[in-house]
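Reader: I'd like a close look at just one part of this model, the place where the two chains meet. Could you walk me through that part, and then say what to make of the partner chain behind it?

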Amino acid sequence: MSDLLRAPAELKYAEELDWLESVDDNPKPFSWRLSPKMIRLFVLGAERSDGLDREIAQKWFGDRSIVERAIVTLASDRGLLLIGDPGTGKSWLAELLAAAISRNSTQVVQGTAGTTEDHIKYSWNVSMVIAKGQSRESMIPSPIMNAMESGTIGRFEELTRSTSDVQDALISILSEKYVSVPELDTDNIVFAQPGFSIIATANSRDRGVNDLSSALKRRFNFVRIPVVTNKKSEAEIVRFRTEELLRRHQIELDVPPTLLDVLLRSFADLRAASAAAGSDDEKLESALSTAEQIGVLEDAILHSNFFGERELTARSLGSSLVGSLSRRAPEDLAIMNKYLHGVVEPRGKDEGGLWPEFLAGGRDTIATLS
Amino acid sequence: MSFESLRTQLQQAATTFADGPGALEGILLGMVDDVDRAVSEPLEIFPVCHHSPASAVAMARRLRDKQPKVIYLELCEDMAPLLTELRNCRLPVAVQAFSSEVDGFPAEWAPLSVVAPITEASAEYQAIAYALDTPGVELVLVDRSSDHVFQWQPPETRPADEDALHGDAVGVEIGDLRPRFAELEEYLLHHGKVRHWSEWWHQYVELPLGDSDHDTYRQVMFLIGSLFRRLAPGDPRRVRVDEDRERYMWTRMREHLAVSGADPADCLYVCGAFHAASRVAEFGVDGSDGFVISPRSATVWQHGLIPSSHAAIEAQFGLAAGSVSIAATEWAKNLRRTRVTPCQLAGQAGGKKARKPAALPGPGPELAAADQLSGFLRRSPVLDRLDEAELLGWSVEIVRAARRNGYLASTADAIAVFETSILLAGMRDRARPTPYDFQDAAVTCIEKDVVPGRRDVGRLVEIMMGGDRIGQVGYDALPPLARDVHDRLAPLDLKLQQRGVQRALLDIASRPELEPCSNLLWMLRYLLPRGAARPIMGERKLGERPIQESWDLALGTHQRALIELGYEGVSVEQVVEQRLRRSAYDPQATTASVLEAVEDAVRYLHSPRLAGDLGTRALEVLAGERTVDGAPEVLRRSRRLLAYYRTNEPVLPQWIESFVRTGYAHYCTLLPTAFTDEEAGVDQVAAMLGFLFSMESLALSLGCDRTQLELAVAQSHPEEPAKVALLWAARVHLGRLSRAELRVRCDDLLGNPLSLPSYPRYLSGFVHALDPVPSLVDFVVETMSNAFAHLPDPLLLPWLPTLISTLRSRGAQFVPLLIREAGRLFPGRLPALDEWVPPWLDQPAPLAARTTSGTGLALLAAHPATCDAVADLLGCGGSWQAAPGGAVLLSRHPDTAVALEALLAT
């Protein structure tokens with residue numbers, strides 16, 4: 001789908017999903033388009049031992065049991081709540097699952113402080129109401145209600161950002177599986193079709209903003225997504241996402257593995273420093289997640305492509321690392337300065353390689369920002 | 001039996017899958033060769049894997065069928081005598097070989113410890129129980145001795161985990177079967193879709209082998225052993241040790257067969273599957289005899305049983321948490337399902353009620369083993385049927401456990417867990433959820449964003465699946481020392497064998513029979529780790545008798561420590577004595593540490609003989625010491641000991657007299673050097689002076705000479721102000737310097753702007769001098785008052801912290817003294833302060849001394865001319881004469897005497 005800036009997973013992998021559906025002879029729950037095993041295969045990629053005729057790429061990187069638990073939850077009576085630090089791939093997993101199960105990952109409600117009950121149930125088309133009165137025609141169903149009616153997966157992003165009354169509206173949807181429309185005299189209940197479920201995501205750093213009630217908690221199965229700390233998996237994720245990005249921007253640029261290593265190691269260093277820091281002032285505001293890492297690389301690639309030599313260098317990477325991670329002046333800048341001079345500089349002297357250039361890029365940006 | 005058809009098939013497979021009949025063929029056919037060789041060995045080899053219920057069931061079944069006369073077991077041969085004691089213990093326990101005195105190994109390895117944990121669900125326990133309880137069956141341990149464990153493999157330095165029940169012992173286990181390189185294990189786990197090794201084993205070996213017959217079991221186990229061995233030999237050093245062990249075991253078995261004349265057909269050799277696939281030349285009854293067993297070192301080994309636990313075994317051998325517990329649960333279930341009667345030692349503590357050992361039916365007929373492997377490898381895995389009742393039971397149980405631990409779990413969750421377990425198992429290609437699937441399901445459905453209590457759901461499932469079982473060594477299997485401790489603490493009427501903390505209250509005043517218990521508890525406190533015996537109330541000082549004490553005792557929890565004490569001696573007293581002697585005769589021992597040992601000997605053992613021995617040692621150490629670092633400690637301890645002996649003994653022991661005499665001479669000799677030495681601190685010099693002055697009378701009575709001290713002080717020429725002040729104080733004490741002179745010197749210091757900055761340091765010296773010369777306390781108050789009065793703030797303030805820290809560190813001694821003196825000198829009330837003049841400023845000028853010697857009067861009478869001339873000069877007339885004696889006056893004026901007599905008479 002080259003005419004979309006970002007195609008949803010079901011469009012992006014439409015061909016792969018079609019093929020999987022055609023070869024899937026395992027039992028499928030409800031109205032699911034794929035069986036649980038095939039969904040796992042779609043998310044985690046196929047191996048030779050799976051005996052498929054074609055390659056299925058891995059799309060989400062993480063523990064196999066997390067994906068299995070998530071799929072099984074959706075096949076059961078409960079909603080799925082993916083909880084974890086920002087940038088751990090919760091929403092991406094939710095999108096992949098929705099795409100694989102119901103070929104529609106766009107039935108999304110974004111939880112914010114301004115989300116109201118209407119956003120998850122229904123609202124009214126005022127002109128239609130004036131013209132024809134309240135009827136099913138003049139009703140605007142929410143994405144969740146659409147999912148209920150079609151027996152597909154609805155998504156609720158950042159559940160804990162929405163206020164508790166909005167969260168409570170989900171309770172009846174998840175337990176009774178219907179929404180009543182008291183404004184109508186007839187046809188006033190929308191029942192969920194088999195296959196309906198909700199995938200919600202919540203940021204564990206937001207705990208305490210709008211805590212979930214126990215009633216809602218018990219209607220969700222919580223699956224915690226950990227931060228990826230395994231260097232190998234992280235390198236895989238960054239490479240995968242970067243390739244996707246390059247394709248999207250139609251940029252032909254090579255990301256040398258040594259440069260990727262510089263990025264991974266610098267993030268590992270900064271994470272260790274954040275873990276050891278005593279107070280908030282001593283650690284970067286950024287969560288230093290894998291997504292953040294991809295952001296740094298993306299920034300460097302775009303910068304090199306449009307303003308640079310059309311070649312990704314360690315200098316531009318150093319520059320975008322400082323630029324992306326320094327959110328607070330002077331605290332974050334001071335930490336980056338300390339990192340560059342305390343860790344990168346000696347390493348450059350010891351190991352050489354790309355580190356001195358990386359240091360120079362970082363230094364320049366700090367000088368500019370200060 | 002022939003594996004020809006299998007060979008042909010594998011050869012074809014190798015040609016098909018590999019590019020040519022190369023390495024793959026070698027490995028595949030080699031594996032069949034290994035199996036062939038192990039199967040055709042006349043001495044039956046029984047391959048096992050540790051903590052494998054399938055092995056245990058197969059073993060139980062085989063023992064009944066074959067009823068061997070001799071069982072060779074892969075376990076350190078020196079541990080054999082202990083195995084019969086297993087019946088007195090609640091499993092799991094570990095057989096331990098322990099040595100604290102190494103001879104032949106580097107001293108830093110000490111103490112050496114080897115443990116072999118034994119659980120009920122293991123094949124080795126089946127073999128042991130069968131052999132020990134069946135008459136006429138001999139159990140022979142054939143693996144290398146504990147000594148060889150260290151000869152062949154130096155201990156790795158591992159951080160000791162305090163919670164681990166095994167301490168930092170080296171673990172040995174029967175049937176270690178695991179891929180030797182990480183990539184293979186990772187590959188197996190990845191493709192087996194399991195999380196850890198225990199789960200892989202459970203799913204791909206345990207379950208398929210569950211109900212298989214003996215031949216299949218053996219051949220499959222041989223094949224797995226051979227597979228791991230051929231695919232990944234691993235670290236060459238480890239392989240060499242393994243091969244040496246195999247040579248060792250086969251050499252021992254052949255020796256035993258030759259001596260006993262047993263028929264190999266009546267014997268069973270139980271070893272890990274890894275060793276069954278051995279290719280050493282010594283393998284087999286007919287193997288070569290080239291291996292020479294090296295002699296053991298001179299290290300003396302002690303053996304005993306210590307408690308173990310599932311968690312400790314998992315930690316020691318790198319197994320997944322909960323896997324040993326799950327194996328135990330599986331074992332119990334397999335027994336019910338297969339109706340195999342397990343072997344159990346008669347009277348096994350903690351086991352099921354001992355049945356009367358039924359006479360074994362005769363051995364089954366030996367059938368020629370056929371190739372079971374081809375069929376097994378081709379058969380698709382048999383899926384275990386869903387056991388709905390069991391899963392429902394688990395689901396309900398976990399919800400109850402979660403509720404108890406603060407989760408808001410309900411019946412709805414039990415249903416969800418049940419459903420999710422089945423779905424998860426389905427996704428993982430199994431019909432019946434394994435405990436690991438169930439754990440995942442429970443975590444998914446019950447765990448929310450926070451863990452409300454101490455344990456999370458994953459841990460609760462582990463506990464539910466059998467939990468951590470902690471073994472206990474029964475009373476009869478304890479070493480004599482530990483039994484003695486329990487016997488002697490019996491009057492406390494506590495169940496000290498049980499785990500957990502128990503409070504003991506000892507009212508010794510009303511129950512004097514408890515005094516020996518108190519003595520023992522103090523010794524245990526000295527010997528055992530913290531927490532095993534902890535006094536809550538009561539203390540033991542030199543010469544004090546206990547009245548009331550209360551203790552927190554956790555001897556059951558620290559059973560291993562108590563058992564290890566048993567390796568050092570037969571009674572606690574003996575161990576204490578050994579420890580005290582060891583610390584006193586340590587090459588690094590100082591006088592202070594030896595005196596501490598003397599104190600401990602008196603306090604804990606009340607043994608004048610030992611105290612005397614150690615005291616003599618203190619004397620030796622003191623004579624050899626050239627530094628005065630420990631002087632304050634020596635002073636404190638020798639004072640305490642002296643005070644104790646003076647009040648409790650009719651005469652002072654010989655050693656302490658010698659100690660005082662030697663100490664007096666020793667410190668006199670070192671005093672001038674210490675005064676000038678920069679290394680020696682002022683408190684150390686003060687302590688030396690304290691020793692010299694406070695023990696002076698005793699030392700002089702024992703023949704020392706005071707001149708020695710006077711000379712030593714005279715030779716001392718310190719330069720540091722604090723030490724100078726100390727010297728002045730010493731000279732005051734010796735009468736070489738008067739107080740007036742001392743005051744003048746101090747006033748000079750205050751008056752001289754050049755010496756003023758060093759005044760606080762002099763003052764520090766005086767404060768330290770309070771210890772050797774306490775009579776100077778009024779002077780110290782005076783100098784301190786002067787300091788506060790005259791020193792400028794920039795000098796006074798920086799010195800105050802030093803003063804405070806000195807007073808704090810010596811607070812118990814000096815502060816009450818100083819406060820009492822200050823209270824005496826300073827006015828008690830505010831109004832009095834206005835008129836108050838410090839006593840040192842208020843002293844009247846000294847009156848001229850009036851001599852009243854009798855010689856003047858006599859001179860006057862003898863030479864009256866001077867007196868007459870003065871009388872003339874002053875105009876006094878008359879004559880005078882020398883006064884008569886008192887008696888003459890009395891007779892001349894009797895009235896006074898009469899009046900006094902009347903007064904006294906009334």
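Author: First, the term we need: two residues count as in contact if their C-beta atoms, placed from the backbone, lie within 7 Å. Keep in mind that this is a predicted model. On that count, 23 residues of chain A are in contact with 17 residues of chain B. On the chain A side, four elements each bring at least two residues to the side that touches chain B: helix H3 (36–44), helix H4 (64–75), helix H10 (214–217) and strand E9 (220–225). H4(A) gives the largest share, with 8 residues. Sort that side of chain A by class and you get 10 charged, 7 nonpolar and 6 polar residues. As for scores, the model comes with ipTM 0.80 and pTM 0.65.

Now for the partner. Chain B has 906 residues, and 39% of them count as buried. Its secondary structure runs to 39 helices and 11 strands. Take the contacts in chain B between residues at least 6 apart in sequence, and 76% of them join residues at least 24 apart.

How far can you lean on chain B? Its pLDDT averages 82, with 90% of the residues at 70 or above. Residues 158–163 of chain B, though, have pLDDT below 50, and that stretch has 4 contacts in the model beyond near neighbours in sequence. Residues 848–852 of chain B also stay under 50, and there the model has 0 contacts beyond four places in sequence. Where pLDDT is low, the predicted coordinates shouldn't be read in detail.

Terms used
Residues are numbered from 1 along each chain as its sequence is written. Chains are lettered from A and ligands numbered from 1 in the order in which they are written. This is a predicted model: local features need pLDDT of at least 70, side-chain atom pairs count only at pLDDT 80 or more; totals for chains, interfaces and linings use all residues. Ala, Val, Leu, Ile, Met, Phe, Trp, Tyr, Cys and Pro count as nonpolar, Asp, Glu, Lys and Arg as charged, and the others, Gly among them, as polar. A residue is buried if 20 or more other C-beta atoms lie within 10 Å of its own, exposed if 12 or fewer, and partly exposed in between; C-beta atoms are placed from the backbone. pLDDT is the predictor's confidence in each residue, from 0 to 100.
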